[in-house]
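Me: I have a structure in front of me and would like to learn how to read it. Can we start with the place where the chains meet?

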Amino acid sequence: MQLKSTAALLAASLAMMFAGAGIAGPREDQLAQYAKAAKAANPAFSGFSAERGKTLHTQNFGGGKPDTPACTACHGKDTRAGGRTPAGKAIDPMAVSATPSRYTEPAKVEKWFKRNCNEVLGRECSAQEKGDWLTFMSGQ
Amino acid sequence: MNIPYRPLALGLLVLGFSALVFGRAQAGGRHYFAPVNNPVVKEECGSCHLAFAPSMLPAGSWQRMMANLKDHFGDDASVDPKTAAIITDYLVANAADKGGLRYSDKLLRGVSAANAPLRITELPKWTREHRKVPDWEWKHKDVRTKANCTACHADAALGYYDE
């Protein structure tokens, strides 16, 4: 029983490593799209900032739900460690170095930005905010 | 049932707490509710909480829930229509009232089909099974909500609720 689940875990993590290694494409494409949208919204936009992304990730907003004032409420303070939802479900680390398969599925990324920004900020995130945040996590 | 093996399946987080309730919750038969085995349902319904077993609510409940994912217990769990159809079909086909499911029949005792309850944790049978769980346990930092089945039932993701 433990052997089986250990083997499954191993297989799963190997699969994830391979999935992450080959495809740098989708993540960069999505960043490029956010950059285009950010530029359109603000002609003075001059590129994403990991520093701003970090602030977005850690700041207490208080615009959303009381039990999730910041992204770190679920994702944890350490980007390379896992997190946990209010209902107790474990979340894999958000740092790309720790979970290489992260942000390779544009529809998934968009779906969660929409949900989680509403949850934390009480509104959707702008293209610039999304790009800043992804830049921060890609460098983590 | 060896405590030392539990962290393997579980992750260390939960160990401390489940060791606490382990002794008492161990009593009883091997209550089994087949876990979700559809990858789409696992992904869409298993990120925020355990992907609850379809055999824990009647078909009418799943239909009612799937009709309003935009406001899902205060969360936005919405998915595109094609994905929603796949999920609904799966949940309905494996629902608690499809017949022949021993533990589901028990769990649904006292529930009328017309009610379509949205919470497993409000089914009369569930409430009765958990009436002895003291307040401090529900409030424990590793539990926090009744919906966090895996905090106490280490093998919930495998379908077992006997410990």
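Reply: This is a predicted model. Begin with the area: about 1,600 Å² is buried between chain A and chain B, and carbon and sulfur atoms give 44% of that area.

Me: How many residues does each chain bring to the contact?

Reply: Chain A brings 15 residues and chain B brings 22 residues.

Me: How do I read charges at such a place?

Reply: Side chains of opposite charge can pair when their charged atoms come close. Between chain A and chain B there are 3 salt bridges. In one of them, A:Lys111 pairs with B:Glu44, with 2.7 Å between the closest N and O atoms. The rule also finds 9 residue pairs in polar contact across this interface, both residues being at pLDDT 80 or more.

Me: Which helices of chain A each supply at least two residues to the side that touches chain B?

Reply: They are α1 (2-22) and α5 (106-121) of chain A. The most comes from α5(A), with 6 residues. By class, the residues on that side of chain A are 3 nonpolar, 4 polar and 8 charged.

Me: Where does the salt bridge between B:Asp76 and A:Lys114 run?

Reply: This pair crosses between chains: B:Asp76 lies in the loop between α4 (59-66) and α5 (81-93) of chain B, while A:Lys114 lies in helix α5 of chain A. The closest N and O atoms of the two residues are 3.9 Å apart. Over all chains, the structure holds 12 salt bridges.

Me: Now the inside of chain A. How do I describe two helices that pack together?

Reply: Two packed helices are described by the angle between their axes and the distance between the axes. Take helix α3 (residues 50-58) and helix α6 (residues 127-138) of chain A: their axes come within 7 Å and cross at roughly 100°. That crossing makes α3(A) roughly perpendicular to α6(A).

Me: Which residues meet there?

Reply: From α3(A), the residues include A:Arg52, A:Leu56 and A:His57; from α6(A), they include A:Asp132, A:Trp133 and A:Phe136. The residues of this contact divide into 5 nonpolar, 4 polar and 4 charged.

Me: At what angle do α5(A) and α6(A) pack?

Reply: The angle is about 105°, and the axes are 12 Å apart. The helices α5(A) and α6(A) are therefore roughly perpendicular to each other. Here A:Glu110, A:Phe113 and A:Leu121 of α5(A) meet A:Glu129, A:Lys130, A:Trp133 and A:Leu134 of α6(A).

Me: How many residues of each class does the contact of α5(A) with α6(A) have?

Reply: There are 4 nonpolar and 3 charged residues, and no polar ones.

Definitions and conventions: Residues numbered from 1 in each chain as written. Chains lettered and ligands numbered in written order. Predicted model: local features only at pLDDT ≥ 70, side-chain atom pairs only at ≥ 80, totals over all residues. Heavy atoms only, no water. Contact = heavy atoms within 4.5 Å. Buried area = accessible area lost by both parts, 1.4 Å probe. Salt bridge = Lys/Arg side-chain N within 4 Å of Asp/Glu carboxyl O. Polar contact = N/O pair within 3.5 Å; in protein donor to acceptor, adjacent residues only side chain to side chain. Helix = DSSP H or I, 4+ residues; strand = E, 2+ residues; numbered from the N terminus. Nonpolar A, V, L, I, M, F, W, Y, C, P; charged D, E, K, R; others polar. Axes fitted to C-alpha atoms, helices over the stretch in contact; angles between N-to-C directions. Parallel < 35°, antiparallel > 145°, perpendicular 65-115°, else oblique.
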